[in-house]
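Work through the exercises below with the sequence and the model open. Try each task before you read its solution.

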Amino acid sequence: QVQLVESGGGLVQAGGSLRLSCAASGRTFSSYTMAWFRQFPGKEREFVAAINWDGASTYTMRVAGPVNGRATISMDNLRNTVYLQMNSLRPEDTAVYYCAAGRQIDFDNSMYISPELYSDWGQGTQLTVSS
């Protein structure tokens with residue numbers, strides 16, 4: 001099991017940037033796929049980005065959906081922290097952003113965007129983008 005705590009959300013003006021952080025404990029990153037999802041009111045969670053680390057020097061990232069080209073996911077193994085950098089923010093990016101962990105999810109399988117594959121979740125952090 002992985003314990004996840006998100007931070008960094010807040011109020012940002014459209015066009016601005018923000019970095020969300022997810023502090024993880026309990027397991028090593030090499031055993032898990034780390035991801036970010038977001039949720040709009042009344043909607044299901046939507047995949048944003050995910051990252052795999054092979055335990056050595058290779059990181060593999062995936063970003064999908066409306067944030068593609070504006071979001072970057074990264075990992076700091078020494079701090080056990082995953083980041084989501086979002087640029088050119090839009091009002092429609094306003095949502096609760098969740099960090100998630102799942103056991104070694106294969107990116108060759110398109111199912112990696114499914115919340116059901118992730119077993120551990122943080123409490124979420126609110127990002128609000130004003131127009």
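**Exercise 1. List the order of the elements, then describe the fold's overall dimensions.**

Step 1. Read from the N terminus: the elements of the protein chain run β-β-β-β-β-β-β-β-β-β-β. Strands here are DSSP runs (E, at least two residues), helices are DSSP runs (H or I, at least four residues), and both are numbered from the N terminus.

Step 2. Take the totals. The protein chain has 0 helices and 11 strands.

Step 3. Fix the ground rules. This is a predicted model, in which local features need pLDDT of at least 70, side-chain atom pairs count only at pLDDT 80 or more, and totals for chains, interfaces and linings use all residues. Residues are numbered from 1 along each chain as its sequence is written, and side-chain values use heavy atoms, with hydrogens and water left out.

Step 4. Check the dimensions. The C-alpha trace spans about 40 × 30 × 25 Å along its principal axes. The radius of gyration is 14 Å, which agrees with the value near 14 Å for a compact globule of 131 residues. That radius is taken over C-alpha atoms, and the globule rule is 2.2 Å times the number of residues to the power 0.38.

**Exercise 2. Judge the confidence of the model.**

Step 1. Start with the average. The protein chain averages a pLDDT of 94, and 100% of the residues score at least 70. pLDDT is the predictor's confidence in each residue, from 0 to 100.

Step 2. Find the extremes. Confidence is lowest in strand 6 (residues 59-63), at a mean of 94. It is highest in strand 11 (residues 125-130), at 98.

**Exercise 3. Describe burial, surface, contacts and charge for the whole chain.**

Step 1. Count burial. Buried residues make up 44% of the 131 residues. Buried means under 20% relative accessible area, exposed over 50%, partly exposed in between (1.4 Å probe, protein chains only).

Step 2. Turn to the surface. The chain exposes about 6600 Å², and carbon and sulfur atoms supply 47% of it. These areas come from the Shrake-Rupley method with a 1.4 Å probe; for residues, only the protein chains shown count as cover.

Step 3. Look at contacts (heavy atoms within 4.5 Å). Among those between residues at least 6 apart in sequence, 61% join residues at least 24 apart.

Step 4. Place the charges. There are 10 positive and 11 negative side chains, and the centres of the two sets lie 4 Å apart. Lys and Arg count as positive and Asp and Glu as negative; His and the chain ends are not counted. Each charge is placed at NZ of Lys, CZ of Arg, CG of Asp or CD of Glu.

**Exercise 4. Compile profiles of V12, S25 and Y32.**

Step 1. V12 sits in strand 2 (residues 10-13). V12 counts as buried because its relative accessible area is 11%. Beyond four places in sequence, V12 contacts S17, L18, L89, L127, T128, V129 and S130. M34 is 22 residues from V12 along the chain, and their C-alpha atoms are separated by 25 Å.

Step 2. S25 belongs to strand 3 (residues 18-25). Its relative accessible area is 35%, so S25 is partly exposed. Outside its neighbours up to four places away, S25 touches Q1, V2 and Q3. The C-alpha atoms of S25 and Q1 are separated by 8.7 Å, with these positions 24 residues apart along the chain.

Step 3. Y32 is in strand 4. At 6% relative accessibility, Y32 is buried. Its contacts beyond four places in sequence include Q1, V2, I51, A101 and D120. Y32 and A101 are 69 residues apart in sequence and 6.1 Å apart C-alpha to C-alpha.

**Exercise 5. Locate three loop residues and classify their exposure.**

Step 1. K43 lies in the loop between strand 4 (32-39) and strand 5 (46-53). Its relative accessibility is 55%, so K43 is exposed.

Step 2. S88 lies in the loop between strand 8 (81-86) and strand 9 (95-103). S88 is partly exposed, at 44% relative accessibility. Its phi is positive, about 50°, although S88 is not a glycine.

Step 3. Q104 is in the loop between strand 9 and strand 10 (120-121). Q104 is exposed, with a relative accessible area of 54%. Phi of Q104 is near 40°, a positive value in a residue other than glycine.
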